[in-house]
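Open the model in a viewer and keep the selection panel at hand. The stops below go from strands to aromatic rings.

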Amino acid sequence: MSLDAGLRALMEPVAGEASFAELLANPSGMNRLEAFGGAGLPYSPPRVHVMEAQALGPNGLVPLRVYGPLGEDGPLRVDGPLRGKADDGGGPGLVWLHGGGFAGGDLEMREADQLARELVARTGGVVISVDYRLARGGVHFPVPHEDVIAAWFWAVEQASGLGIDPGRLCLGGASAGANLACGAAMYLKDIGSSLPAKMLLAYPFLHSTVPPLTVPSAVMSSLPPFLRFSAEDCTAMLENFLGGPASTASSYAVPGHGDPTGLPPAAVVACEYDDLRPSAELYAQSLRGAGINVAFRLEQGATHGYLNHSAALDIVQRGLAFLASELASADGSND
């Protein structure tokens, strides 16, 4: 296999850039970054209802953005049914956490906004995107973890009013967001709380030490350096999140090293050309070893973070279709 042609074309504007910081220091950096994401490609995101909300957690208010299907029942709101069918039991729901290495990302990135719109349009469900606090300016674990827990309990409380079947409420995220999702699921299990119907995980970062990736080195060396994750990069990212050495991490912060027994089913997307791919593979093996059902998709030709590219690309559409199918099939049985 080789790198996806559409992704390869988008990398031309950022060729040679060592980091996002260097890219953005260039006056043309933002335009080049948008081109890298696929701005200008023929794509219009689905129209859905969008509502801003907040969850109250131990660190204060956590901003949320709630996406729901268009319908005949008026604007999206918390105080009444969204779907317009009070007797149908509700649809699937997803509490979603963007990536960004714990220190970056927001609700506007394609991995958050585009993904939410697409999943709502494909499933008729509801996606709650969480603007958790980032690990910068003195913020460290467990603050982002606690924000996610607060968002989850808000979603559980509001599920029926939003047209979500509480038994079909899922939890997921991408990259560092997938880490937060798994850590939150472990916490919910440990306190005896109701678990997500399913975990939806895109190219997760779940281990303090990630084994080397075994794919053709020529492909990996052709990627922009900021798409690579060396062992030193992973340690730095994790220790910034923790605010201390990786050896101090609890399993909630590094879920790949925890006991997965009793966790809900999972759907995992890994990227063929991603230094973090072994983390996704190891976690899937760990879950299966604990008797947990795992739907695993290796996205051929993809690089880390590919869901941050425009959904005009076929490869992005395939990843979104997989996640939407897994969300739609969530039934709360935890088989």
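The tour covers a strand and its partners, then a group of aromatic side chains; the model is a predicted one.

Start by selecting strand β5, residues 164-174. Eight of its 11 residues are buried, so the strand is largely enclosed by the rest of the structure.

Next, add β3 to the selection. β3 and β5 run parallel and are joined by six bridges. To find one place where they meet, label G91, which stands opposite I164 in β5.

Now add β6. Four bridges connect β5 with β6, and these two strands also run parallel. Label A174 and its bridge partner in β6, A202. Then show helix α6, residues 176-190: the chain passes through this helix on its way from β5 to β6, making a right-handed β-α-β crossover.

Leave the strands and turn on the aromatic side chains. Six aromatic pairs are found in the whole structure. Select F102 and F205, a tilted pair with 6.3 Å between centres and 55° between planes. F102 sits in the loop between β3 and α4, while F205 sits in the loop between β6 and α7, 103 residues apart. Both are buried.

Move on to F141 and F241, whose rings are edge-to-face at 5.6 Å centre to centre, with 70° between the planes. This pair also links distant parts of the chain: F141 is in the loop between β4 and α5, and F241 is in helix α8, 100 residues apart. How buried is F241? Its relative accessible area is 0%.

Finally, select F102, F141, F205 and F241 together; they form one aromatic cluster.

Technical notes:
Residues are numbered from 1 along each chain as its sequence is written. This is a predicted model: local features need pLDDT of at least 70, side-chain atom pairs count only at pLDDT 80 or more; totals for chains, interfaces and linings use all residues. Side-chain values use heavy atoms; hydrogens and water are left out. Rings of Phe, Tyr and Trp (its six-membered ring) pair if their centres lie within 6.5 Å; planes under 30 degrees apart count as stacked, over 60 as edge-to-face and the rest as tilted. Buried means under 20% relative accessible area, exposed over 50%, partly exposed in between (1.4 Å probe, protein chains only). Two strands pair if DSSP finds at least two bridges between them. A crossover is right-handed if, with the strands pointing away from the viewer, the path from the first strand over the helix to the second runs clockwise.
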